[in-house]
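Open your viewer, load the model and get ready to select residues by number. We will walk through the chain one stop at a time.

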Amino acid sequence: MISVLVEVEKNIKNVVVNKITKNQETNQRKLNINGGKMNKKQIILRSSLGSVFSAFDNPELIELSEEDSRIVAISGRINNPGIYEIPEGTTLREAIELAGGIMNKKDFKAAQFGIPFGGFFTKEQLDAPINFNDFHKGQTRNLVILSEDDCIVQFSKFYIEFLLGKIAKGEYREYLPAKYEIDRINRILDRISKGKATMRDVYLLRYLSDIVKSIVKQDHNLILEVIDNFYHEIEEHIEEHRCYTGECPQLVKFRITSKCIGCTACARACPVHCISGKVKEKHEIDISKCTHCGQCVAACPVGAINEGDNTLKFLRDLATPNKIVVTQMAPAVRVALGEAFGFEAGTNIEKKINEALRMLGVDYVFDTAWAADLTIMEEATEFQERLEKYFKGDDNVKLPILTSCCPSWVKFIEQSYPDMLDVPSSVKSPMSIFSTVVKDIWAKEKGYARNQITAVAIMPCLAKKYEAARDEFSRGDNYDTDYVITTRELIKILKETEIDVANLEGEEFDNPLGEYSGAGIIFGRTGGVIEAATRTAVEMLTGNRVDQIEFDVLRGWDGFRSAEVQVTEDVTLKIGIAHGLEEAAKMLDKIRAGEEFYHAIEIMACKGGCIGGGGQPKAMKKKEVLEKRAEGLNNIDRSLEIRRSHENPQVLAIYEKYLDYPMSRKAHELLHTKYFPKIKG
């Protein structure tokens with residue numbers, strides 16, 4: 001297991017120190033530091049990917065290090081991170097082995113000595129004795145181990161952000177005169193991580209780092225040593241827009257690794273037939289055709305497909321001072337995550353998840369379903385406007401209107417049906433709307449700068465990682481959604497951190513971005529988005545409140561189905577619904593050929609909708625589990641007093657204060673987007 005020790009505000013209790021001897025026997029003794037009741041916020045976060053020990057910057061632990069000069073906090077890609085007492089003469093290799101060795105038996109890449117920085121050691125120093133003079137005097141003795149699975153750009157970026165956070169808190173005062181240069185270094189690393197830099201930026205990095213080294217009088221400078229030792233990896237990020245580890249969210253592309261056994265499960269699951277390969281041979285993905293739906297990942301029995309994993313980035317952000325981490329949770333997550341903790345599929349454990357996220361250190365816990373209500377306000381109004389023009393005989397109106405919340409489906413139509421791009425609604429998905437509101441409205445209300453906010457989306461869908469990386473959902477180099485954590489990834493974190501989710505009492509979402517309607521929650525199942533839109537659109541069209549708002553004709557499990565909804569005696573809406581891209585193609589082909597006409601259509605790439613997303617827990621009895629998850633969302637809907645998006649008071653309030661009314665100029669500027677033809681290779 002890999003751990004992250006995040007900063008604890010006041011109390012740390014019972015930190016284990018491992019006393020290491022040369023014959024590799026480990027004795028354990030417990031030291032009570034600043035005793036008393038443990039803070040509810042977790043001291044140790046665990047993930048299967050990576051770590052950093054930031055709690056060791058606490059004054060109590062610095063004092064501990066001064067009392068015993070052989071104590072070192074070892075973390076990173078090792079199996080047993082902890083605080084170790086190391087005898088004189090121990091080599092770096094021996095320290096790594098005594099801390100459990102490198103995870104997954106991967107190759108050693110480098111080791112960072114000390115916080116803020118005492119040097120960067122590579123393979124050449126593995127068998128050299130650890131020199132305690134390499135640790136920065138007066139700061140913590142930290143040894144961070146990196147393996148070949150670590151992205152050197154992301155690690156450097158985290159180090160610089162951590163340093164800036166400490167400076168902002170009034171610590172590391174010797175670095176304050178160089179803050180301007182460190183800020184610029186941070187911006188350059190950010191551009192490199194997003195594929196937006198040039199090789200000239202490396203020259204500037206070196207120049208700025210030389211200045212920092214001179215001002216601070218450093219013996220070692222991390223950025224200079226990274227450039228010297230890992231130049232090719234930086235060059236790869238810039239020239240090829242490639243991060244081979246999958247840790248840079250904007251550079252992620254699905255790839256099949258050497259773990260592939262050639263079982264063909266991925267090729268059989270792929271709805272767009274972009275995977276090829278012979279039986280018992282490594283398969284390949286044609287990324288120009290891939291829609292990132294993630295069904296290949298869900299089908300692979302050996303975990304051979306790298307879809308990018310932001311778990312380590314999430315844990316590092318939680319450990320970074322002065323960074324505000326905000327999460328949103330999609331509807332489908334709450335009725336699936338519990339399966340990993342003994343709950344029946346479909347059980348709503350949203351309140352337990354909220355509490356667990358706060359225990360990890362998340363600053364604000366919000367809900368995507370709130371933004372789904374905002375999405376419906378825009379989509380239903382857009383639908384109403386198109387319908388009114390259509391019924392008045394306007395030949396230029398574009399029907400059907402397509403709800404466009406599924407990013408895999410959006411990429412599919414951009415690639416395969418570029419002539420039909422006037423069909424999708426221009427409204428952003430709930431995830432993107434939420435992040436836009438958080439960074440451009442909520443942050444300003446709270447007094448935060450946009451770049452202080454790290455917006456993390458907890459999603460059932462791997463394609464959401466692709467959506468978050470689209471340039472149209474950004475302001476300059478700052479993306480609205482910084483990155484996505486899938487349901488499975490969050491499960492890994494909670495299990496490794498040993499948070500007993502089943503026995504948590506549960507907590508509410510933070511407001512105002514946590515209150516949702518029943519319409520917002522059913523977004524997570526097939527037919528749910530169009531049903532939510534219909535609830536509002538019908539009442540807008542008629543001006544009357546509809547008592548029966550569960551439109552059973554829109555529900556079902558057929559991959560491609562048609563339904564009729566009678567609005568008035570004279571108006572009946574024909575609606576098409578598809579889940580699964582193969583079924584979606586059948587629908588679009590019929591529309592394109594003029595064989596079918598619909599007023600509105602909903603398409604979701606995954607079977608069952610978001611509840612069956614590629615980032616959800618894998619299920620043996622898939623159809624049975626999907627039905628239970630869908631019914632779980634329906635049950636939440638039925639339990640709520642507010643079941644229509646246009647009656648959500650928090651949504652109405654944001655229009656009144658900031659957006660005026662649905663489809664206003666302000667709403668269009670913030671909540672709408674465009675899609676573009678993508679040329680397949």
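One term first: in this tour, contact means heavy atoms within 4.5 Å. Angles between elements run from 0 to 180 degrees between N-to-C directions. Keep in mind as you look that this is a predicted model.

**The whole chain**

Start with everything shown as a cartoon. You are looking at 23 helices and 23 strands. Colour by burial if you can: of the 681 residues in the chain, 62% are buried.

**A parallel sheet and the helix across it**

Select β15, β14, β17 and β20, which form an open sheet in that order with parallel pairing. The edges are β15 (364-367) and β20 (483-486), and each of these pairs on one side only. On average, neighbouring strands here are turned by 30 degrees against each other, direction ignored.

Zoom in on β14 (residues 324-329) beside β15: four bridges pair them in the parallel sense. Pick Gln328 and you will find that its bridge partner in β15 is Phe366.

Now add helix α10. This helix lies across β14, β17 (453-459) and β20, and runs at about 110 degrees to β20. Is α10 buried or exposed? Nine of the nine residues of α10 (residues 311-319) are buried, so the helix is largely enclosed by the rest of the structure. Among those buried residues are Lys313, Arg316 and Asp317.

Stay with α10 and highlight Phe314. In the largest nonpolar core, which has 72 residues, Phe314 is one of those that touch the most other members, along with Leu337, Leu360, Leu490 and Leu494. Another core, of 41 residues, lies apart from it and includes Val144 and Tyr159.

**A covered strand**

Val144 leads to the next stop, so select strand β9 (residues 140-147), where eight of the eight residues are buried. In a regular strand, side chains alternate between the two faces of the sheet. Show the side chains of β9 and look for two groups: Thr140, Asn142, Val144 and Leu146 point one way, while Arg141, Leu143, Ile145 and Ser147 point the other way.

Which strands pair with β9? Strand β5 (residues 71-76) does so in the parallel sense over four bridges, with Ser75 opposite Val144. Strand β7 (residues 108-115) runs antiparallel to β9 and is joined to it by six bridges. One pair to click on is Ile115 and its bridge partner Thr140.

**Two crossing helices**

Next, select α13 (residues 368-391) and α15 (residues 430-446). They pack at an angle of about 100 degrees, and their axes are 8 Å apart. That makes α13 roughly perpendicular to α15. By class, their contact has nine nonpolar, two polar and no charged residues. Look there for Trp370 and Leu374 among the residues of α13, and for Met431 and Phe434 among those of α15.

**A mixed sheet**

For the last stop, show the open sheet β16-β23-β22-β21, whose four strands have mixed pairing. At its edges stand β16 (401-403) and β21 (560-566), each with a single partner strand, so one side of each is left without a neighbour in the sheet. Neighbouring strands are turned by 20 degrees against each other on average, direction ignored.

Seven bridges join β21 to β22 (residues 572-579), and the two run antiparallel. Click Ser562 and look opposite for Gly576 in β22. Finally, switch on helix α19 (residues 528-542), which lies across β16, β21, β22 and β23 (600-604) and runs at about 150 degrees to β23.

Key
Residues numbered from 1 in each chain as written. Predicted model: local features only at pLDDT ≥ 70, side-chain atom pairs only at ≥ 80, totals over all residues. Heavy atoms only, no water. Parallel < 35°, antiparallel > 145°, perpendicular 65-115°, else oblique. Nonpolar A, V, L, I, M, F, W, Y, C, P; charged D, E, K, R; others polar. Buried < 20%, exposed > 50% of the residue type's maximum accessible area, 1.4 Å probe, protein only. Pairing = 2+ DSSP bridges. Core = buried A, V, L, I, M, F, W, Y, C linked by side-chain atoms within 4.5 Å.
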